[in-house]
Amino acid sequence: MFVLENIKYKDILNIKNLTIPENKITCLIGESGSGKTTLLKLLNKMISPTNGSIHYKNKAIKYIDSIKLRRNVVMLSQTPVIFKGSIKDNLLKGLNFSEKPMVNDNTLKEILSKVHLDKPLDLTAKELSGGEKQRLALGRIMLMNADVYLLDEPSSSLDENTEDIIINEFVKYIKTNNKTLIIVTHSKNIAKTYADNIIEINKGNLKG
């Protein structure tokens, strides 16, 4: 799905060749500051490489419209953006961005159930805790029904038990719907349990 060739980004990343498969779960692991988040950002054109080429579905991403790409390759940062308004408003933001049809409240409640967020739709989103905001953001991107999900430490604000429940639910969604998941994680347990493909980055280089 993604093919990277001779990629360099400043002095942060240096990757000769890397292929990330479609409809698989790929975990990016490595020490803090090794370049994992930089790699994620390159995959949906949040940043552009200093040198080299990235292809998505056999097309160079530099020729793909950035907004169109990000509707199909959705990234969730470690500290997710929470918008003004209610939980419902936040869930619908992703559908607005991706130009998808709006859904009814029952569908929104089903999504909240999947991310184990037992809160009313009209609750102000800013009132949520850090972990709850992370779960809300995960629900928002699930609704977007993208082809590829890029998650940067999606469970960093969750306790270990909740982390396992939420990641398991998201992985189930990915597999059931034939999506592609690329996830940066600090958890070796998550990588070992869920990954079809593990990529280790060390000081900007692929390890192994």
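At what angle do helix 5 and helix 6 pack, and how far apart are their axes? Read on, and keep in mind that this is a predicted model.

## Helix 5 and helix 6

Let's take that opening question. Helix 5 and helix 6 (residues 160-176) pack at an angle of about 5°, and their axes are 12 Å apart. Angles under 35 degrees count as roughly parallel, so that is the label for helix 5 and helix 6.

Who touches whom? On the helix 5 side you'll find Arg-135, Leu-138, Ile-141 and Met-142, and they meet Thr-162, Ile-166, Phe-170 and Tyr-173 of helix 6. Sort the residues of this contact by class and you get 6 nonpolar, 1 polar and 1 charged.

## Helix 5 and helix 3

Now look at helix 3 (87-97). Helix 3 and helix 5 pack at about 40°, with 7 Å between their axes, so these two helices are oblique to each other. The crossing of helix 3 past helix 5 is right-handed.

Helix 3 brings Ile-87, Asn-90, Leu-91, Lys-93, Gly-94 and Leu-95 to this contact, while helix 5 brings Leu-136, Gly-139, Arg-140 and Leu-143. In terms of class, that's 5 nonpolar, 3 polar and 2 charged residues.

## Helix 5 and helix 4

Helix 4 covers residues 105-114, and it packs with helix 5 at an angle of about 130°, the axes being 9 Å apart. Helix 4 and helix 5 are therefore oblique to each other. Here, too, you'll see a right-handed crossing as helix 4 passes helix 5.

The helix 4 residues in this contact are Thr-107, Leu-108, Ile-111, Leu-112 and Lys-114, and the helix 5 residues are Leu-136, Gly-139, Met-142 and Leu-143. Their classes split into 6 nonpolar, 2 polar and 1 charged.

## The largest pocket

Next, the space in the structure: the largest pocket holds about 450 Å³. It is lined by 18 residues, and the ones closest to its centre are Val-74, Met-75, Leu-76, Phe-97 and Arg-140. Arg-140 may ring a bell, as it is also one of the helix 5 residues in the contact with helix 3.

Which elements build the lining? Strand 6 (73-76), helix 3 and helix 5 (130-143) each supply at least two residues. Strand 6 gives the most, with 4 residues. As for the classes, the lining of the largest pocket has 11 nonpolar, 3 polar and 4 charged residues.

Terms used:
Residues are numbered from 1 along each chain as its sequence is written. This is a predicted model: local features need pLDDT of at least 70, side-chain atom pairs count only at pLDDT 80 or more; totals for chains, interfaces and linings use all residues. Side-chain values use heavy atoms; hydrogens and water are left out. On a 1 Å grid over the protein atoms alone, a cavity is a set of points where a 1.4 Å probe fits but cannot get out, and a pocket is an open set with protein on both sides within 12 Å along at least five of seven lines; lining residues have an atom within 4 Å of a point. Grid points are joined across faces, edges and corners, and a volume is the space filled by probe spheres set on the points. Ala, Val, Leu, Ile, Met, Phe, Trp, Tyr, Cys and Pro count as nonpolar, Asp, Glu, Lys and Arg as charged, and the others, Gly among them, as polar. Axes are lines fitted to C-alpha atoms, for helices over the stretch in contact, and angles run from 0 to 180 degrees between N-to-C directions. Angles under 35 degrees count as roughly parallel, over 145 as roughly antiparallel, 65 to 115 as roughly perpendicular and the rest as oblique. A crossing is left-handed if the near helix is turned anticlockwise from the far one by less than a right angle, and right-handed if clockwise. Contact means heavy atoms within 4.5 Å.
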